[in-house]
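Me: I would like a close look at a single part of this model. Please take one helix and describe what surrounds it.

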Amino acid sequence: MLSRLFAPKVKVSAHCDLPCGVYDPAQARIEAESVKAVQDKMAANDDPHFQARAIVIKEQRAELAKHHVSVLWSDYFKPPHFEKYPELHQLVNDTLKALSAAKASTDPATGQKALDYIAQIDKIFWETKKA
């Protein structure tokens, strides 16, 4: 009797934690764009106080970008995605490594490399949304 009382009345199904609409690689891209923008500004400004503040901001943004990529990998992408896109595991790993490199560097090329990887994830992500 109690089991029927507390049994779900409606069953829902989703391929991710919530029905779609909450995941988007744009979040990672925006943070990575901030990393690269800070790197560009650092190259043009030798003021030590500016440099110190810029490093803090760059490192925070890189960590946020890594978080957003990790969430896509762990919460959005599911086994059917990995079957269709077997390069996805390596791509996510390369993206996280590129973001770590950008976090540790003032060279805008490292920020651009991270953005290039995120663009590849974005392409796959939107292909999965069409399916």
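Reply: What follows is a description of helix α6 and of the helices that pass it, with most space given to α2.

The model is a predicted one. Its protein chain has 6 helices and 0 strands, so from the N terminus on the elements run α-α-α-α-α-α. Of the 131 residues, 34% count as buried. Among the contacts with a separation of 6 or more, 74% join residues that are 24 or more positions apart. The chain exposes about 8200 Å², and carbon and sulfur atoms supply 59% of that area.

Helix α2 covers residues 26-43, which is 18 residues. From its first C-alpha to its last, α2 reaches 26 Å, close to the 26 Å expected at 1.5 Å a residue. Its buried residues are A26, A28, E31, A32, V35, K36, V38, Q39 and M42. The spacing in that list can be read against helix geometry. An α-helix has 3.6 residues a turn, so residues three or four places apart point the same way. The cover over the buried residues of α2 includes α3 (48-76), α5 (88-104) and α6 (108-130).

Of these, α6 can be followed further. The axes of α2 and α6 come within 8 Å and cross at roughly 165 degrees. An angle over 145 degrees counts as roughly antiparallel, and α2 and α6 are therefore roughly antiparallel to each other. The crossing is left-handed. On the α2 side the contact is made by A28, R29, A32, E33, K36, Q39 and D40; on the α6 side it is made by P108, T110, G111, Q112, L115 and I118. A28, A32, K36 and Q39 of α2 are in this contact and are also listed as buried.

Helix α5 also passes α6. Their axes come within 8 Å and cross at roughly 155 degrees, which makes α5 roughly antiparallel to α6. This crossing, too, is left-handed. From α5 the contact takes in L88, L91, V92, D94, T95, A98, L99, A101 and A102. From α6 it takes in T110, G111, K113, A114, Y117, I118, Q120, I121 and I124. T110, G111 and I118 of α6 thus touch α5 and also belong to the contact with α2.

One further residue of α6 is E127. E127 counts as partly exposed because its relative accessibility is 26%. E127 and H81 are 46 residues apart in sequence, and their C-alpha atoms are 9.8 Å apart in space.

Definitions and conventions
Residues numbered from 1 in each chain as written. Predicted model: local features only at pLDDT ≥ 70, side-chain atom pairs only at ≥ 80, totals over all residues. Heavy atoms only, no water. Helix = DSSP H or I, 4+ residues; strand = E, 2+ residues; numbered from the N terminus. Expected span 1.5 Å × (residues − 1). Buried < 20%, exposed > 50% of the residue type's maximum accessible area, 1.4 Å probe, protein only. Contact = heavy atoms within 4.5 Å. Areas by Shrake-Rupley, 256 points an atom, 1.4 Å probe, with all protein chains shown as cover. Axes fitted to C-alpha atoms, helices over the stretch in contact; angles between N-to-C directions. Parallel < 35°, antiparallel > 145°, perpendicular 65-115°, else oblique. Left-handed = near helix turned anticlockwise from the far one by under 90°.
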